Each structure stands twice: as structure tokens, then as C-alpha cells.
Amino acid sequence: MNKEWALLLIVFLPLLGAAFLPFVGLVWAKARNLAAFILVVASCALSGSIASSVVSGQIINITLPFPLGFNFVFNADGLAVFMALVSSFISAVIIVYSFDYISHYKHQQEYYSMVVLFLGAMMGLIFSANLIFLYIFWEITSITSWRLIGFFREKKDVLRADKAFLVTVFGALVMLLGFIKLYLETGSFDLSAIQAAARVNPVSNLAIALILVGIFAKSATLPLHTWLPDAGVAPSPVTALLHAAVLVKIGVYVFARLFVVTMPLALPWQTFVAIIAGISALVSGGAALIDTDLKRIIAYSTVSQIGFIFLGFAMGCEIGVAGSLLYILMHGISKAGLFLCAGIVEHNTKTKDITQLGGLIRTMPVTAVSFLLCAFSVMGIPPFGGFFSKYMVIAGTLQDGRLMIAAVFLFGALLTILYLLRVFSMVFLGEEKKSFAKEGSGLMVFCVALFAFISLIGGIFVQYPNQMLQAILPQIIGLR
């Protein structure tokens, strides 16, 4: 297949397919579920089909000129294809998990449509090389996440969905002002033109600050983080999708696209981002250590771990950037596993309060072991995949001479170990408080076991994803 056509299909198969899923569901619900899975898998497979060309150095470009700088430009480079593969693969597994988890709830038509549309918007955002189209896809993810967070339609669910929508859309509007400021300074919304202009005249601090507000809001970074723990009212497949695969990773992806590839940050801004990320990691880690809601604890963990990803990108050195990319992969897999395990626990015990749980390893042994293995990766315990990503980010910080910042994040890593061990101990060990609890369905258990297995194997065979990262790094930081 022509690579340009493959690139278009990666984006528009899920975008357009999402509109037809409800009609398929009217005929046969299982056909709708399978179609949703096929659309996501197709996007993943097509991303894989162009990966070898991109890794070898080719950049696939599609450009359709429009007036006033609103050019339709898609670029597939190493960074974009890597993000597409990670997001679509994790999303495909989450959809399989949803087959059983969502099966007895209302609004299934909307659920599958929104999940697939969500992924399509993510693909559009990843490959967009024009800021206006990037913004349009960014806002589509806000709308779909709003509907997904408010899936259960209770008043508290709707209010928390509204909160997530308002925070992220506010950030996006501020970011749009930053894009307009960039246009006024560089004369273009196209990233290639902005990159060329920024080499001659650095962009203004105001443009950078406005864009960072939008990025921090989307990635749930302090002080714009509170919407993410509240999003735990959504079904567990949704929280896994938001926290692991797509939504919060949009912010760090755009940060990398703009401030690592296109217009690298100056030293003061690198320090500022590292400090914000460090504070966010510590505060959210402390919150996770005292909260008693299982999904909120895992959500606070996401806020904390996103800080590590920002840190590696902000340092801008080879090992730091590679560490952040590996972090996106390993954190996405293991954190999706944690949320799906939490979904099995909540599904079968009817509670998320860890003080009311205990001893579940006796009745949910696969879920318990899967949770522990995924938690080990998030903690950064060797030989799990999370260890290598966390090590590389910290090593990049030390290589850049930021000893104090590295010390802050090492303490954040210690907090991660403490709150995840606390959760595992209170939920799965000790006295059995929910004697009627049972293991999840075969599909749900398979999905969490798969994520746990990859969390371990991803570390043992880390050289394989690392080979891809080393191949695409010149495209990311080699053009300066």
C-alpha cells in the first residue's frame, strides 16, 4: 500500500468508523464491539506498516494547502509513529477488556463510538504538522473524554466530567493564544516553518508560557491536575485509556513535538519545567500515600509519573529524551494494567475503598499477581521495563548537572514504592473482608495478565524498543 494512503487511513479509519458503529450496534451488539476492535487494530497495524520506513530515516508527508496558513499537513516521523503504535496497541487491549466489563451497562453505543473517535483524534493530533489542525484534534479528545468520564450519568459523574472538560478546554484556549502568538512571530502555523524561523529568532517567552498552560492542563500537571483523580468515576476501561494510553500522554507528546523537536527550550525554561514537574510528582505522590480510593490513588500515581516524562524531555539530552519515550511505553502498559486490575476489584467487590478490602489474593490470584507485576514496573524495580525508563530519565538529569532536581525525583520514586506497596498490602493481603469476591471474567483476566507479562518482558528485552528509540533520536534531537 502507498505509504501516504496508509498514513491517511491510520487517522481516518477510526475517525470515520466511529460514526458507523452505532448503526452496526442496532443490528448486532457483538458485531459493533468487534468492529471497534478491528478499527483500532487496523490503525495499529498500519502504523506498524510504515514504521520500518520511518525508522530508517524517511519522513512521510502529506500536504494540502489552504488559505490563511490553515494548511492540512500530516507528517509521519519517528516520534509520531512511536506514539501511534503505543497508543493504538494499548487501546486495542482495553477494548477487548471492555467486551465483558461494559456488557451490562447502558450507553454502550456511545461508549464504543467515543473510544474509537478518541483514538482517531489522537492519531490526527500525533501526525498533524500544522498547529490549527493539531488544536482541532486536541479539542475532539476533550469532547470525547468528557462523554466517557460522564458515562454513568449520575450527577456526581456529570459534574466531574464537566470539571475535566472545563479545565482541559480552558488550557486549550490559552494554548491557542500561544499558537496565534507563534503565528504572529513566525508567519506560519506549519511546524517546519516555525522550526526554521525559531533557529533565526527565538520565539517569545509569552508564546511558550501560553502553550505550556495548555500542555500542563491536558497532562494533569500541578496546579491543573485535580480533574484527573476525579475522573475515576468513569468505568475502569475509560480511566485506563485516559491515564495510560491516550489523554494525559497528549500533553507530553505535544511538549516533545514543540519544545524538543521544533523549538528547543532555553535553559531557564528547562529548569522551570523540571521544577514544576518535580513539585507535581511530590505533591501527587504524597496524596496517593494518604488517599483510600483505589482508582484515585492510581490516578495520583499517573500525575506523579507524568512528571518524570516531562523531566526527561526538558533536559533535552539524548539519554533523557530516550528515557521519556521509553517511559511513555512502559508507563502506558503497566498503568493500564493497574487500572484494569482495579476495575476487576471494583466490579466484583462493589467498592473502591481500600480500607474495606483485603485478602483478595485468595479469590483473585491472577489479578493480584498482575497488579503486583505492573506495580513493580511503575515503581522502577529491575528488571521490569519501568526501571530502565526511570533510570534513563534520572541519568539524563545528572548528565545535565541537575543534582538537586535528580534528588527530588529520586524521592518521588521512593514515594511511588511506598504508596503502591500500601495499596497491594491493603487490597490483596491480610484478612479477607469480601468473602463473596471472585476473579474477573476470562477476557478481563487475560488483558491484565497480558499487560503484566509485557511489563516484565519489556524490561528483560528492553534492547528491542531501545533500538527503535536510538534509530529515531536523530530525527528528534539531531536537527538542532
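This is a short talk on the pockets, helix contacts and unusual backbone points of one structure.

Before anything else: this is a predicted model. Keep that in mind throughout.

Let's start with the open space. The largest pocket has a volume of about 310 Å³. Its lining has 19 residues. Which of them are closest to the centre? Those are N75, D77, L191, S192 and R257. Now look at where the lining comes from. Two strands give two or more residues each: β1, at 60–64, and β2, at 72–76. Three helices do so as well: α4 at 108–127, α7 at 191–200 and α11 at 247–262. And the chemistry of that lining? Eight residues are nonpolar, eight are polar and three are charged.

Two of those lining helices, α4 and α11, come back in the next part. Let's take them in turn.

First, α4. Its partner here is α2, residues 29–55. The two axes come within 10 Å of each other. They cross at roughly 5 degrees. An angle under 35 degrees counts as roughly parallel, so α2 and α4 are roughly parallel to each other. Which residues make the contact? On the α2 side, find R32, N33, A36, L39, V40 and S43. On the α4 side, find Q108, Q109, Y112, V116, L119 and M123. By class, that contact has seven nonpolar residues, four polar and one charged.

Next, α11. Here the partner is α5, residues 131–149. These axes come within 11 Å and cross at roughly 165 degrees. That angle makes α5 roughly antiparallel to α11. The crossing is left-handed. From α5, the contact uses L131, L134, W138, T141 and S145. From α11, it uses L247, I250, G251, V254 and L258. How many of these residues are charged? None; the contact divides into seven nonpolar and three polar.

Staying with α5 for a moment, follow the chain onward. The loop between α5 and α6, with α6 at 155–186, holds R153. Phi of R153 is near 70 degrees. That is a positive value, and R153 is not a glycine.

Now move further along the sequence, to the third helix pair. This is α13, residues 294–315, with α17, residues 403–428. Their axes come within 11 Å. They cross at roughly 160 degrees. The cut-off for roughly antiparallel is over 145, so α13 and α17 run roughly antiparallel to each other. α13 passes α17 in a left-handed crossing. Here is the α13 side: L294, I297, S301, S304, Q305, G307, F308 and L311. They meet I405, F409, G412, A413, T416, Y419, R422, V423 and V427 in α17. By class, the contact has 10 nonpolar, six polar and one charged residues.

Hold on to Q305. It belongs to that contact on the α13 side, and it also lines a cavity.

So, cavities. How many of 30 Å³ or more does a search of the whole structure find? Two. The second largest holds about 40 Å³ of space. Its lining is Q305, Y327, M330, H331, S334, S377, V378, G386 and K390. Three helices give two or more residues each: α14 at 318–349, α15 at 365–379 and α16 at 385–399. Which one gives the largest share? α14, with four residues. By class, the lining has three nonpolar residues, five polar and one charged.

That leaves the cis peptide bonds. One joins P382 and P383, with omega near 5 degrees. P383 sits in the loop between α15 and α16, and both of those helices contribute to the cavity lining I just described. Another cis bond joins L222 and P223. Its omega is about 5 degrees. Where is P223? In the loop between α8, at 205–218, and α9, at 227–230.

To recap, go back to the two spaces. The largest pocket is about 310 Å³, with N75, D77, L191, S192 and R257 closest to its centre. The second largest cavity is about 40 Å³, and α14 gives the largest share of its lining. Thanks, that's my slot.

Definitions and conventions. Residues numbered from 1 in each chain as written. Predicted model: local features only at pLDDT ≥ 70, side-chain atom pairs only at ≥ 80, totals over all residues. Heavy atoms only, no water. 1 Å grid on protein atoms, 1.4 Å probe; cavity = no way out; pocket = protein on both sides within 12 Å on 5 of 7 lines; lining within 4 Å. Points joined across faces, edges and corners; volume = space filled by probe spheres on them. Nonpolar A, V, L, I, M, F, W, Y, C, P; charged D, E, K, R; others polar. Axes fitted to C-alpha atoms, helices over the stretch in contact; angles between N-to-C directions. Parallel < 35°, antiparallel > 145°, perpendicular 65-115°, else oblique. Contact = heavy atoms within 4.5 Å. Left-handed = near helix turned anticlockwise from the far one by under 90°.
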